[in-house]
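Visitor: I would like to go through this structure term by term, with the cut-offs spelled out. Could you walk me through the labels?

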Amino acid sequence: MQFDSIKFYLPENSDVLRNIGKIFRNCVGNYVDAVYTGKSNIVLMSDDKGKLKACIEVQNNKLIQAKLFANKPAHNNKQINDEIIKWADKANINYDNCSDIFKPEKQILPQREAV
């Protein structure tokens with residue numbers, strides 16, 4: 001799935017996942033077995049030049065974690081955070097309980113009296 005200059009995609013194979021872990025300085029390379037068995041899905045987010053921006057873990061249509069370089073939470077970068085929310089909404093992935101995402105407050109409009 002791609003939005004303008006941002007691309008969301010699955011790693012091609014376990015070697016890619018291991019290399020991403022080394023490059024991104026996180027433990028995503030250890031998720032090979034979980035991905036292989038279907039326990040987790042890892043989604044990668046890159047910019048229009050192919051530079052990796054985030055690693056996202058999804059289980060049962062729920063966003064478990066969304067990490068920037070060196071395991072920093074996605075909410076540390078507003079643009080990336082907002083793109084992940086847009087992607088999750090479009091893909092019908094729930095992110096309500098993911099502490100790595102800053103969720104915008106839902107506006108609750110005051111109820112109007114019937115006229």
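Visitor: What makes Asp-100 count as buried or exposed?

Guide: Buried means under 20% relative accessible area, exposed over 50% and partly exposed in between, with a 1.4 Å probe and protein chains only. Asp-100 has a relative accessible area of 5%, so Asp-100 is buried. Before we go on, this is a predicted model: local features need pLDDT of at least 70, side-chain atom pairs count only at pLDDT 80 or more, and totals for chains, interfaces and linings use all residues. Residues are numbered from 1 along each chain as its sequence is written, and side-chain values use heavy atoms, with hydrogens and water left out.

Visitor: How confident is the predictor, in terms of mean pLDDT?

Guide: pLDDT is the predictor's confidence in each residue, from 0 to 100. The protein has a mean of 90, and 88% of its residues reach 70 or more. Among its elements, strand S5 (residues 62-67) has the highest mean, 98, and strand S1 (residues 2-3) the lowest, 54.

Visitor: How many helices and strands are there?

Guide: Helices (H or I, at least four residues) and strands (E, at least two) are DSSP runs, numbered from the N terminus. The protein comes to three helices and five strands, in the order β-β-α-α-β-β-β-α. Asp-100 lies in the segment after helix H3 (78-91).

Visitor: What makes the link between Asp-100 and Lys-67 a polar contact?

Guide: A polar contact is a pair of N or O atoms within 3.5 Å; within protein, one must be able to donate a hydrogen and the other to accept it, and residues adjacent in sequence count only if both atoms are side-chain atoms. The side chains of Asp-100 and Lys-67 are joined at 3.2 Å. The Asp-100 side chain also reaches the backbone nitrogen of Ala-66, at 3.0 Å.

Visitor: How do you know how many disulfides there are?

Guide: A disulfide is a pair of cysteine sulfur atoms within 2.5 Å, and a search of the whole structure finds zero. For Cys-55, the nearest cysteine sulfur belongs to Cys-27 and is 9.4 Å away. Cys-55 is at 5% relative accessibility, so it counts as buried.

Visitor: Which residues of the largest nonpolar core touch the most other members?

Guide: A nonpolar core is a set of buried Ala, Val, Leu, Ile, Met, Phe, Trp, Tyr and Cys residues joined through side-chain atoms within 4.5 Å. The largest has 20 residues, and those touching the most other members are Phe-8, Met-45, Ile-56, Leu-63, Ile-84, Trp-87 and Ile-101. Helix H3 supplies the largest share, five residues. Another core, of nine residues, lies apart from it and includes Ile-20 and Leu-44.

Visitor: Why is the pair of Phe-24 and Phe-69 called stacked or edge-to-face?

Guide: Rings of Phe, Tyr and Trp (its six-membered ring) pair if their centres lie within 6.5 Å; planes under 30 degrees apart count as stacked, over 60 as edge-to-face and the rest as tilted. This rule gives two aromatic pairs. Phe-8 and Trp-87 are stacked, at 5.0 Å centre to centre with 10° between the planes. Phe-8 lies in strand S2 and Trp-87 in helix H3, so this pair ties together parts 79 residues apart in sequence. The rings of Phe-24 and Phe-69 have centres 5.9 Å apart and planes at 90°, so that pair is edge-to-face.

Visitor: Is Phe-69 buried, exposed or partly exposed, and what makes it so?

Guide: Phe-69 has a relative accessible area of 40%, so Phe-69 is partly exposed. Phe-24, at 5%, is buried.
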